[in-house]
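Colleague: Could you take a close look at one part of this model for me? I would like to start from a single residue and then see how its surroundings fit into the whole chain.

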Amino acid sequence: MSRTRSRYLAAISLLALGAFFVRASSLDSQSLWRDEVDALRFAIAPWTEVLSNFTRPGWNGPLYYLLLRGWIAFTGTSEYAMRFSSLIPGILAIPLIYVLGRRLFNSPVGLLSALLVTSSPYLVWYSQEVKMYSLVLALGLLAIYSLRRALESGEWGWWLTQIAATTAAFYSHILAALLIPVQVLVSLVWWSRTREEWRRALISLAVLTLPYLPLVAWQAPLALETRETGFTSYSLDQMIVILLNGWSTGIAGWGSTWGAALAALLAATGLFSQVSCLPLISTERARREERPSDGLALSIWLLTPLISVWLISLRQPLFTDRYLIWSTPPFYLLVALALTSFARPKNWSWLVGAGLLIIVLALNGINVWRQATTPIKSDFRAVAAYVASHDEPPPPVEAPVAVKDSPFRWYLPVIMAEQSRFEDLIIFQIPYGRYAFDYYFPMETYAWAEGPYTNHRAPDGGYQMSEQEAAWRMREITKDHKVIWLVATEVGMWDERNLVQRWLDEHLQRVSEAHFTRVDVYRYVHPDAQHVR
């Protein structure tokens, strides 16, 4: 190994080590939110259900939940242990983008893109979440890198790796299936290499089709429907802005306006440097001739998923920025290309590049710190502690109430019992908040109820549930209880008229309330209740 190569290897090792400490030091700083608790619920479901999800219409990420099931069997279900499963592929993305950048361009581009991935607040965030996004990121990188190596060498090992990585990606997230058209288009752009390996390229595409058949059987009809999905409808311009804000300044979004503008300018400059063949570090004539196709390949990887999701969303809104996390590598590679384009021999322009890099890293550092120190996710950890602190014997409850069985048995049917340890009734609005609450709540059983869904609309646009019907439902829910809690989170998606809380405020006495990040808690008693704190 040459001295230069060993230096780059040492630098990547240091970046990976630094990324590990940055991510691991704040793994449990945020409370688990409903999507993360859902991942745990799906992972611990009965084996038959976990395996049937691979062919279940509408189901997303069956492979991820199967892998998570194996992970928690060895590590447990603590926040830190579960989130560590996402930290690992998040770290692996660093050497993967380095080797891809080095192969497409040169070592400095690979190293700088690895630095951007290491410090990216967006990728740090999703390396700390119990979801499949960092896994899909690493698999997407591995698939594209393996495709390039396979086209260059023709070795079956790389073709098999490309097939395995792509298959694992689209079974880990539904939209990762767009990796297939991305790879087809990229192979055409790399035609100077593909024409020598076109037979194996066609074989790999055919082999990829087989594991995708169970998914396409239900995805294709759904993709052509016009339907409500619960997602916000965005224009293409809005999607681009959301992605730029996230990829440049992360979830905290400090300095997002200037950060997004700078990142967009650098990415465009990086692409222009390829099209115009501007000289970069360690330029070779043969490589210069390949650069336009490599820049175009990055553009295809970056834009094809976005445009595809936009087109689908014209009929059924589907856009969420994290779904396209596997499109971040070409973005960071283009930014790295722009920064290295300033480092030309016998030219002071490198100072400009160094200054821009410092600004980018400063924005990254500030936002990583804010994400680690500022509550951002729904804080059910604090909510559960607050409710538990008010535990006391209430008046006797004669009617049976629904109770949960244990914190990790949500898939069992709801059972009935005459008495529970925590006798207050807790109403969840939205009902999905119960699962995150259950994870943190110390009581094994408690009385709970779902807040009525009041948002159904009639064909004429009016509400199907009247205020009178909502009031009747609330009377039925609360009639046998003296103390009632309302745990309210994301209420608008379930009860945009706020009928549930309005009824409680009009008919019961509010005795306390507390407000946490994205969750509000209210405690009510019937006017005739005695000895209630």
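**A leucine and its surroundings**

Modeller: Happy to. Beyond its neighbours within four places in sequence, leucine 142 is in contact with Leu96, Thr161 and Ala165. Please keep in mind that this is a predicted model. Leucine 142 belongs to helix H8. Is it buried, exposed or partly exposed? Its relative accessible area is 26%, so leucine 142 counts as partly exposed; the buried class would need a value under 20%. Alanine 164 is 22 residues away from leucine 142 along the chain, and the C-alpha atoms of the two are separated by 9.6 Å.

Helix H8 itself spans residues 133-153 and gives the most to the largest nonpolar core, with 12 residues. That core has 136 residues, and the ones with the most contacts inside it are Phe170, Trp190, Phe331, Tyr332 and Phe437. Let us follow one of these, tryptophan 190. Leaving aside neighbours within four places in sequence, tryptophan 190 touches Leu104, Ile144, Leu147, Arg148, Leu151, Ser293, Asp294 and Ala297. There is also a second, separate core of 16 residues, with Leu425, Ile484, Val500 and Trp503 among them.

Tyrosine 64 makes a useful comparison with our leucine. It sits in helix H4, which covers residues 62-75, and counts as buried because its relative accessibility is 5%. Outside the four nearest places in sequence, tyrosine 64 contacts Ala39, Ser85, Ser86, Val130, Lys131, Met132, Leu135, Tyr171 and Ser172. One of these partners, methionine 132, is 68 residues from tyrosine 64 along the chain, yet their C-alpha atoms are separated by 6.1 Å.

Serine 512, in strand S6 (residues 509-516), is another residue to look at. At 18% relative accessibility it counts as buried. With neighbours within four places in sequence left out, the contacts of serine 512 are Tyr386, His390, Val521, Tyr522 and Arg523.

On the surface, Val184, Leu185, Leu188, Trp191, Trp198, Leu202 and Leu205 form a nonpolar patch, with about 620 Å² of accessible area together. Helix H10 (179-189) and helix H12 (198-223) are the elements that each give two or more residues to this patch. Leucine 205, in helix H12, is partly exposed, at a relative accessible area of 32%.

Stepping back, the chain has 21 helices and seven strands. Of its 533 residues, 53% count as buried. Among contacts with a separation of 6 or more, 76% join residues 24 or more positions apart. The chain exposes about 23800 Å², of which carbon and sulfur atoms supply 62%.

How far you can lean on all this depends on where you look. The mean pLDDT of the chain is 86, and 86% of the residues reach 70 or more. Confidence is highest in helix H7 (residues 121-126), at a mean of 98, and lowest in strand S2 (residues 415-417), at 33. Over residues 393-420 the pLDDT is below 50, and this stretch has 61 contacts in the model beyond near neighbours in sequence. Residues 278-290 also stay under 50, with 24 contacts beyond four places in sequence. Where pLDDT is low, the predicted coordinates should not be read in detail.

Conventions
Residues numbered from 1 in each chain as written. Predicted model: local features only at pLDDT ≥ 70, side-chain atom pairs only at ≥ 80, totals over all residues. Heavy atoms only, no water. Patch = residues over 30% accessible without salt bridge, like charges linked within 9 Å, V, L, I, M, F, W, Y side chains within 5 Å. Areas by Shrake-Rupley, 256 points an atom, 1.4 Å probe, with all protein chains shown as cover. Salt bridge = Lys/Arg side-chain N within 4 Å of Asp/Glu carboxyl O. Helix = DSSP H or I, 4+ residues; strand = E, 2+ residues; numbered from the N terminus. Buried < 20%, exposed > 50% of the residue type's maximum accessible area, 1.4 Å probe, protein only. pLDDT = per-residue confidence, 0-100. Contact = heavy atoms within 4.5 Å. Core = buried A, V, L, I, M, F, W, Y, C linked by side-chain atoms within 4.5 Å.
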